[in-house]
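This report describes a pocket, the strands around it and the setting of one residue. The structure is shown first, and the description follows.

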Amino acid sequence: RPVLRDCLLYHHSPLDEREVREDWFAIEYGSADRRKGFALIVRLKDARENIYTLRPRGLKRDSRYRVMFDNTRESIVMEGHTLLR
């Protein structure tokens with residue numbers, strides 16, 4: 001919640017006025033200092049693709065980030081430059 005108040009917002013899926021035009025929807029929220037953030041990634045009904053690659057836009061290449069997988073509560077630490085690839 002603290003990130004949402006003053007966050008930067010990145011849309012990763014092209015949107016049409018009436019519909020999402022891809023199999024996935026993704027949106028990224030990041031703190032203004034680029035130290036914290038999260039992404040919402042949703043596979044849409046009847047999607048053809050099983051894999052979605054998120055390329056974060058709000059990261060610093062030279063920072064380290066703890067990545068938490070919300071469904072499993074597992075986490076890993078990765079370099080910003082690795083996450084950007």
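In this predicted model, the largest pocket encloses about 1200 Å³ of space. Its lining is made up of 33 residues, of which Phe 38, Ala 39, Leu 54, Val 67 and Met 68 are the closest to the centre of the pocket. The elements that contribute two or more residues to this lining are β2 (24–30), β3, β4 (64–69), β5 (74–79) and α2 (80–84), and the largest share, six residues, is supplied by β4. The make-up of the lining by residue class is set out below.

| Class of lining residue, largest pocket | Number of residues |
|---|---|
| Nonpolar | 16 residues |
| Polar | seven residues |
| Charged | 10 residues |

Strand β4, the source of that largest share, runs antiparallel to β5, and six bridges join the two strands. Val 67, which is among the lining residues closest to the centre of the pocket, has Ile 76 as its bridge partner in β5. The hairpin formed by β4 and β5 has four residues between the strands, and in this hairpin Arg 73 adopts a positive phi near 65°.

Strand β3, another contributor to the lining, spans residues 37–43 and includes Val 42. Is Val 42 buried, partly exposed or exposed? Because its relative accessibility is 31%, Val 42 counts as partly exposed, given that this class lies between the cut-offs of 20% and 50%. When its neighbours within four places in sequence are left aside, Val 42 is in contact with Asp 23, Trp 24 and Phe 25. For Val 42 and Phe 25, a separation of 17 residues in sequence goes with a C-alpha to C-alpha distance of 5.2 Å.

How values were computed:
Residues numbered from 1 in each chain as written. Predicted model: local features only at pLDDT ≥ 70, side-chain atom pairs only at ≥ 80, totals over all residues. Heavy atoms only, no water. Buried < 20%, exposed > 50% of the residue type's maximum accessible area, 1.4 Å probe, protein only. Contact = heavy atoms within 4.5 Å. 1 Å grid on protein atoms, 1.4 Å probe; cavity = no way out; pocket = protein on both sides within 12 Å on 5 of 7 lines; lining within 4 Å. Points joined across faces, edges and corners; volume = space filled by probe spheres on them. Nonpolar A, V, L, I, M, F, W, Y, C, P; charged D, E, K, R; others polar. Pairing = 2+ DSSP bridges.
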